[in-house]
Amino acid sequence: KFIAALDVFREKRASDPEIMAYGAKDYKEYIFKVFQSAKTSEIEQSFLLLPVSYVHQMIPAINVILTDYPFASELALRLLEVLMKFHLPTLNSADKELLRTTCQLARRRLTMLKDLVGFSLALSKFQTIEEKAKDEEQSFIKTLLGERKRKKGRKEKLIRRALLRVG
């Protein structure tokens with residue numbers, strides 16, 4: 001299925017039965033969905049047997065995944081890792097230059113994701129602290145109101161007793 005996806009990617013076919021079968025809008029989304037649906041073990045086995053002509057198409061495909069789907073950085077890096085593991089010696093200088101560009105883009109995407117996760121983590125901690133403060137405030141108010149009611153109740157009882165004694 002990877003070779004078929006790379007053929008569609010290479011020819012940049014807009015309408016293809018395979019693209020429609022995956023529910024993709026275009027060839028870029030199709031190749032993304034094909035790789036996303038694969039397990040790491042499937043990727044390793046397929047890349048091990050991948051013909052050299054398709055190896056040269058993988059780097060632009062990975063670059064497209066990083067460019068168009070920034071939250072799929074983990075997938076793109078997994079693909080790059082497996083590709084380099086088996087096919088680094090077969091890459092020519094043009095492929096290596098594109099690989100360098102792709103790695104820089106991947107580094108930027110990872111930095112963006114780290115910042116996003118760091119911000120989300122800080123926001124989560126802030127919200128937790130705010131919720132605890134609100135809970136403590138509500139608890140204090142309930143306790144304070146409870147004491148006022150008890151004092152008010154005591155005063156009413158004392159007044160009733162006084163009235164009963166007088167009457």
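Does Phe140 count as buried or exposed, and what is its relative accessibility? In this predicted model, Phe140 comes out as exposed, because its relative accessibility is 55% and the cut-off for exposed is over 50%. For contrast, have a look at Phe2, which counts as buried at 3% relative accessibility.

**Around Phe140**
- Phe140 sits in helix α7, which covers residues 93–166.
- Together with Ile141, Leu144 and Leu145, Phe140 makes a nonpolar patch on the surface, and that patch comes to about 350 Å².
- On helices in general, there are 3.6 residues a turn, so residues three or four places apart point the same way.

**Helix α1**
- Helix α1 takes in residues 2–11, and its buried residues are Phe2, Ala5, Leu6, Asp7, Val8 and Phe9.
- The cover over those buried residues includes α2 (17–21), α3 (27–36), α4 (40–48) and α5 (52–68).
- Right after α1 comes Lys12, with a positive phi near 50°.

**Phe2 up close**
- Phe2 belongs to helix α1, and it counts as buried because its relative accessibility is 3%, where the cut-off for buried is under 20%.
- Setting aside neighbours within four places in sequence, Phe2 is in contact with Val34, Phe35, Ala38, Glu42, Ile43 and Ser46.
- If you want a distance to check, the C-alpha atoms of Phe2 and Ala24 are 15 Å apart, with their positions 22 residues apart along the chain.

Terms used
Residues numbered from 1 in each chain as written. Predicted model: local features only at pLDDT ≥ 70, side-chain atom pairs only at ≥ 80, totals over all residues. Heavy atoms only, no water. Patch = residues over 30% accessible without salt bridge, like charges linked within 9 Å, V, L, I, M, F, W, Y side chains within 5 Å. Areas by Shrake-Rupley, 256 points an atom, 1.4 Å probe, with all protein chains shown as cover. Salt bridge = Lys/Arg side-chain N within 4 Å of Asp/Glu carboxyl O. Helix = DSSP H or I, 4+ residues; strand = E, 2+ residues; numbered from the N terminus. Buried < 20%, exposed > 50% of the residue type's maximum accessible area, 1.4 Å probe, protein only. Contact = heavy atoms within 4.5 Å.
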